[in-house]
Amino acid sequence: MKPRSQAVKEAPEKEFDIAIIGGGIVGAGLAQDAASRGLSVILLEKRDFASGTSSKTTKLIHGGLRYLEQLHFGLTRQLLHERALLEKLAPHMVRDFSFVLPILKQKRFFGFKAELGLTLYDLLAMDVIKDHRHTRLSQREILESAPGLSREQIVGGLRFHDCITDDSRLVMEVVKSACAMGATAINYAEVTGFHVENGELVAIKCHDCYAGGDMEIRAKTFINAAGIWSDKLMQMLDPAWQPRCSPAKGIHIMVPQSSFETNSALFLPTLDGRYVFVVPWQRAVMIGTTDTGYAGDLDNPLANVDEVDYLISVVNTYSGSRKITRDDVIASWAGLRPLVGTPPSESGQATGSVSREHLIYVGPYKIVGLLGGKLTNYRIMADEVLNKLFAEHPDLAARATQSRTAKTMLGGFSDKPDFLTSTAHIAARARKLSIEPATLDHLIASYGKDADKVLSIVEDEPELAARVCPDFPPIMAEIPFCIVNESAMLLEDLLFRRMRMGLVHQGQCLDAVPRVANLVRSCLGWDEARTKVEIENTQSIINEHIAASHTFQKRELQKH
Ligand SMILES: Cc1cc2nc3c(=O)[nH]c(=O)nc-3n(C[C@H](O)[C@H](O)[C@H](O)COP(=O)(O)OP(=O)(O)OC[C@H]3O[C@@H](n4cnc5c(N)ncnc54)[C@H](O)[C@@H]3O)c2cc1C
């Protein structure tokens with residue numbers, strides 16, 4: 001990836017084939033696909049890559065078992081096929097995981113329905129996933145998989161398989177893959193307007209939110225991949241544009257592994273007819289999610305205390321004598337699904353039954369847009385959007401070669417043998433440097449082949465092998481790596497998206513801010529005043545999360 005400053009300098013001098021607005025998974029997937037077809041492409045993101053919905057998901061690469069209830073067989077089949085492909089393309093970060101669906105004593109009948117659903121799930125994946133069919137579990141087997149469950153309440157259950165990933169790292173890997181194939185990607189580049197000349201859209205106006213200043217980016221075609229902000233962009237072009245996105249909020253909480261003991265991920269049917277996931281992630285336990293209409297500030301959704309209590313109560317319906325309380329919550333966050341529909345006038349109504357299918361549309365001046373969709377099927381969505389764009393611009397279609405994304409591994413690996421030899425080499429080198437196994441696993445899962453570059457930093461400066469937060473594997477050496485290789489510009493980028501501490505343990509993350517800032521300062525050349533502002537901004541973002549959900553750190557902080 002080019003350094004951001006170089007990309008900002010060069011971009012206004014070119015005319016691109018395609019300009020993509022929005023650096024979430026949809027925009028990243030589009031940039032990768034277009035670049036793989038030999039087209040020149042620029043990706044513009046107003047904040048950081050994946051700073052919108054794509055960093056706040058449940059982190060599942062899955063078929064969406066729940067969608068079978070809505071009879072979305074086609075969508076589930078597509079997602080299952082993509083899951084199988086992504087396991088091959090990104091084995092370092094899309095990992096198979098065992099999920100358990102426990103059956104409550106008073107919901108025995110639900111077991112039959114669930115088994116029917118899982119049989120269908122297996123059938124839909126039959127041609128791509130040979131092993132890992134679902135199995136029935138006895139009460140003893142369920143409790144072995146998840147000792148935190150209640151012996152009194154659970155009568156048995158089912159085991160099935162899906163994959164877990166790290167969403168913002170996946171976006172970053174796709175952006176890097178796009179750049180390796182020639183794309184330009186710039187974060188902190190907000191599209192603020194459009195330049196129409198002789199009735200044709202010829203450029204977008206951009207504000208550099210990091211360094212200041214404005215620029216114009218010329219392109220032959222334009223794609224709106226701005227997720228929940230899509231309608232705002234279309235209204236810049238056409239004030240009469242009718243909104244098509246209906247944001248639906250979903251929150252997650254994190255608790256320490258000691259608060260709820262489980263070796264498997266859990267898929268918990270709720271008493272109000274929904275499902276909640278309990279997923280071991282980043283050495284803690286993630287619980288989510290909710291699904292309600294949202295009419296608030298799109299830029300800063302936060303979990304509120306009622307939503308936190310709801311998730312706690314669902315898990316406590318299933319848990320044994322150790323019940324979770326608000327004091328166990330070490331982090332919370334909220335994301336907004338870009339569902340297709342009319343925006344709600346107020347927040348709060350249930351949106352679980354709204355379709356998760358995506359919508360591709362052609363707007364004014366042939367700008368093509370996409371709404372909805374999943375992290376899991378980003379490649380398919382990119383292909384469909386580009387086909388729509390090509391239908392509108394046959395000259396572009398004539399120059400495009402075939403997409404290579406189905407054959408391009410992420411993480412910088414060229415093929416499976418390269419994956420195996422590179423990871424073995426990285427593991428051997430890490431052992432020599434006395435890197436802990438948990439950190440080694442984290443580095444490979446996060447950076448793929450580039451984990452080797454992080455190790456080079458440790459070799460040069462061994463003190464950077466220190467952990468960022470005491471209880472979690474990320475290390476300080478990742479900071480200079482992400483600044484140089486992944487356009488991390490702010491402390492928030494590092495703490496919330498390149499590493500995930502801002503989502504995993506907000507108390508420890510808060511403590512880490514000054515230390516991280518000290519290192520960033522020397523990498524980015526911030527002076528004292530700038531460093532102070534950046535520290536305060538980041539602390540206030542973390543404190544906002546803590547205050548909104550009334551989790552334990554807020555009370556801890558008040559004591560100091
Ligand atoms: C709670 C929750 C859980 C989910 N769980 C899963 C899951 O487990 N698995 C799964 O497959 N899917 C999941 N999803 C769905 C999936 O995450 C989303 O559908 C997907 O991330 C949407 O990606 P996107 O690129 O469209 O949007 P975003 O990630 O929001 O990207 C849009 C980007 O556009 C940028 N932007 C906006 N305006 C401008 C502008 N003017 N100029 C430049 N840039 C701009 C934004 O900053 C943003 O980064 C979940 C969603 C939620 C909310």
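Modeller: A polar contact is a pair of N or O atoms within 3.5 Å; inside protein, one atom must be able to donate a hydrogen and the other to accept it, and residues adjacent in sequence count only if both atoms are side-chain atoms. Now for this structure: it's a predicted model, where local features need pLDDT of at least 70, side-chain atom pairs count only at pLDDT 80 or more, and totals for chains, interfaces and linings use all residues. Residues are numbered from 1 along each chain as its sequence is written, and side-chain values use heavy atoms, leaving out hydrogens and water.

Colleague: What makes the pair Glu486 and Arg169 a polar contact?

Modeller: Their side chains meet at 2.7 Å, and the limit is 3.5 Å, so the pair counts. You'll find Glu486 in the loop between α14 (478–485) and α15 (491–498); helices (H or I, at least four residues) and strands (E, at least two) are DSSP runs, numbered from the N terminus.

Colleague: Is Glu486 buried or exposed, and how do you know?

Modeller: Buried means under 20% relative accessible area, exposed means over 50%, and partly exposed is in between (1.4 Å probe, protein chains only). Glu486 has 0%, so it is buried.

Colleague: And what makes Asn198 different in class, buried or exposed?

Modeller: Its relative accessibility is 79%, so Asn198 counts as exposed. Asn198 sits in the loop between β8 and β9 (200–208), and its phi is near 50 degrees, a positive value in a residue other than glycine.

Colleague: Why is Lys366 called partly exposed?

Modeller: Its relative accessible area is 39%, so Lys366 falls in the in-between class. Lys366 also has a positive phi, near 60 degrees, in a residue other than glycine, and its place is the loop between β17 (359–362) and β18 (368–371).

Colleague: On to the ligand. Which residues come nearest?

Modeller: There are 38 residues around the ligand, and Glu45, Ser54, Leu60, Gly373 and Thr376 come nearest. To be near, a residue needs one of its heavy atoms within 4 Å of the molecule.

Colleague: How do you know that Gly373 makes a polar contact with the ligand?

Modeller: A backbone N or O atom of Gly373 is 2.7 Å from a ligand oxygen, so that pair is inside the limit too. An oxygen atom of the ligand also has a polar backbone atom of Val26 at 3.0 Å, and a ligand nitrogen has a backbone N or O atom of Val191 at 3.0 Å. Taken alone, the ligand exposes 1,000 Å², and the protein buries 97% of that (areas by the Shrake-Rupley method with a 1.4 Å probe; for residues, only the protein chains shown count as cover).

Colleague: Why do you say the ligand lies between two domains?

Modeller: Domain 1 (4–54 + 168–238 + 363–407) and domain 2 (85–166 + 246–340) both give residues to the shell, so the ligand lies between them. The domain bounds come from an automatic or database assignment. As for elements, β16 gives the largest share of the shell, 4 residues.

Colleague: Last one: how do you know that Cys482 is in no disulfide?

Modeller: A disulfide is a pair of cysteine sulfur atoms within 2.5 Å. The search of the whole structure finds 0 disulfides. For Cys482, the nearest cysteine sulfur, that of Cys523, is 10 Å away, so that pair misses the cut-off. Cys482 has 0% relative accessibility, so it counts as buried.
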